[in-house]
Amino acid sequence: MRIDILSILPQLLESPFSDSIMKRAQEKGCVEIHLHDIRKYSLDKHHKVDDYQYGGGAGMVMSIEPIARLIEKLKSERDYDEIIYMTPDGEVLEQTHCNQFSLLKNIIILCGHYKGVDERIREHFITKEISIGSYVLSGGELAAAVLVDAIVRLVPGVLNNETSALTDSFQDKLLSPPIYTRPPEYNNWKVPPILLSGNQPEIEKWREEQSLNRTKKRRPDLLD
Ligand code: ADE
């Protein structure tokens, strides 16, 4: 899978992808992540990428030309399955989006800044608009990092134990059950004895009950 991320602050995205699972995914050749600096595609001598809003109003708008130039260049090099714009007024990101995106070959992710991008970019280039929640970040970069992380760990071959993504919270619309490791007792706080019993069918049953109870209590909306 290839992911091209378009940003005016690409350096913000270097660290999230240079450690742990994201780093390993790239080293194994499962994903390629390319960061692009929108500013380099501005023909303005000061590399300006924004301008005042038509009609007046506070806040700058990201201009169409540099972004269009960069997207057109990428599209001339390969076909893209989705061109995603990170924006607080997009569809709220769910695990189902991540599952679908993880099966794609090439995607572009555009990070917004200031008031956002010129509407014509959304109309003519963007195929999907994604929000990571009902709050406003100062730019789309952190949101893009969240999206990419959630997608990349699902790409086949990225996780050592493939089942560990399948048993994640949300994969079956349920939250994960509680988990424990050694020691079996700390400060008189004991691990539930069933987990130490070695009775695998009973352990699975207990886990399912715990998942269901936890979901009912914390996220009843998932059961609707
Ligand atoms: N850009 C600013 N806020 C955002 C959000 N909540 N989700 C996605 N992109 C954003």
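Partly exposed, in these legends, describes a residue between the two cut-offs of relative accessible area: buried is under 20% and exposed is over 50%. With 33% relative accessibility, Lys73 therefore counts as partly exposed. Every view below comes from a predicted model.

**View A. Lys73 and Glu77 pair up along helix H2.** Here we stay with Lys73, which forms a salt bridge with Glu77; their closest N and O atoms are 3.2 Å apart. Both residues sit in helix H2, and because they are 4 residues apart, about one helical turn separates them. Glu77, like its partner, is partly exposed, at 41% relative accessibility. The helix itself spans residues 64-77 and lies across strands E1 (2-7), E2, E5 and E6. Relative to E1, helix H2 runs at about 165 degrees.

**View B. Five strands form an open, parallel sheet.** Follow the strands across the sheet and you will read the order E2-E1-E6-E5-E7, with parallel pairing. Strand E2 (32-37) and strand E7 are the edges, each pairing on one side only. From one strand to the next, the twist averages 30 degrees. Zooming in on one pairing, strand E5 (residues 82-92) and strand E6 (residues 106-111) run parallel and are joined by 5 bridges. Look for Ile83, which stands opposite Ile108 in E6.

**View C. Asp89 and Arg122 connect a strand to a helix.** The structure holds 13 salt bridges, and this view shows one between the side chains of Asp89 and Arg122, at 2.8 Å from N to O. Asp89 belongs to strand E5 and Arg122 to helix H4 (residues 119-124), so the pair ties together parts that are 33 residues apart in sequence. The two partners differ in accessibility: Asp89 is exposed, with a relative accessible area of 52%, whereas Arg122 is buried at 16%.

**View D. Asp168 and Arg153 bring two loops together.** In this salt bridge, the closest N and O atoms of Asp168 and Arg153 are 2.5 Å apart. The pair links distant parts of the chain, with Asp168 in the loop between helix H6 (163-166) and strand E8 (185-186), and Arg153 in the loop between H5 and H6, 15 residues apart. Asp168 counts as buried, at 16% relative accessibility. Arg153 is partly exposed, at 23%.

**View E. Arg2, Asp4 and Glu32 share a network.** For a change from single pairs, this view shows three residues linked in a network of salt bridges: Arg2, Asp4 and Glu32.

**View F. Phe17 sits in a loop but is buried.** You will find Phe17 in the loop between E1 and helix H1 (20-27). Phe17 counts as buried because its relative accessibility is 7%, and the cut-off for buried is under 20%. Which residues does Phe17 touch, not counting residues up to four places away in sequence? They are Ile5, Met22, Lys23, Gln26, Ile33, Leu35, Ala145 and Val148. His34 makes a handy landmark too: Phe17 and His34 are 17 residues apart in sequence and 10 Å apart in space, C-alpha to C-alpha.

**View G. Tyr135, Leu137 and Leu142 make a nonpolar surface patch.** Together these three residues make a patch of about 280 Å². Tyr135 lies in the loop between strand E7 (128-131) and helix H5 (141-152). With a relative accessible area of 44%, Tyr135 is partly exposed.

Conventions. Residues are numbered from 1 along each chain as its sequence is written. This is a predicted model: local features need pLDDT of at least 70, side-chain atom pairs count only at pLDDT 80 or more; totals for chains, interfaces and linings use all residues. Side-chain values use heavy atoms; hydrogens and water are left out. Patches are made of residues with over 30% relative accessible area and no salt bridge: like charges are joined within 9 Å, nonpolar side chains (Val, Leu, Ile, Met, Phe, Trp, Tyr) within 5 Å. Accessible areas come from the Shrake-Rupley method with a 1.4 Å probe; for residues, only the protein chains shown count as cover. A salt bridge is a side-chain nitrogen of Lys or Arg within 4 Å of a carboxyl oxygen of Asp or Glu. Buried means under 20% relative accessible area, exposed over 50%, partly exposed in between (1.4 Å probe, protein chains only). Two strands pair if DSSP finds at least two bridges between them. Axes are lines fitted to C-alpha atoms, for helices over the stretch in contact, and angles run from 0 to 180 degrees between N-to-C directions. Contact means heavy atoms within 4.5 Å.
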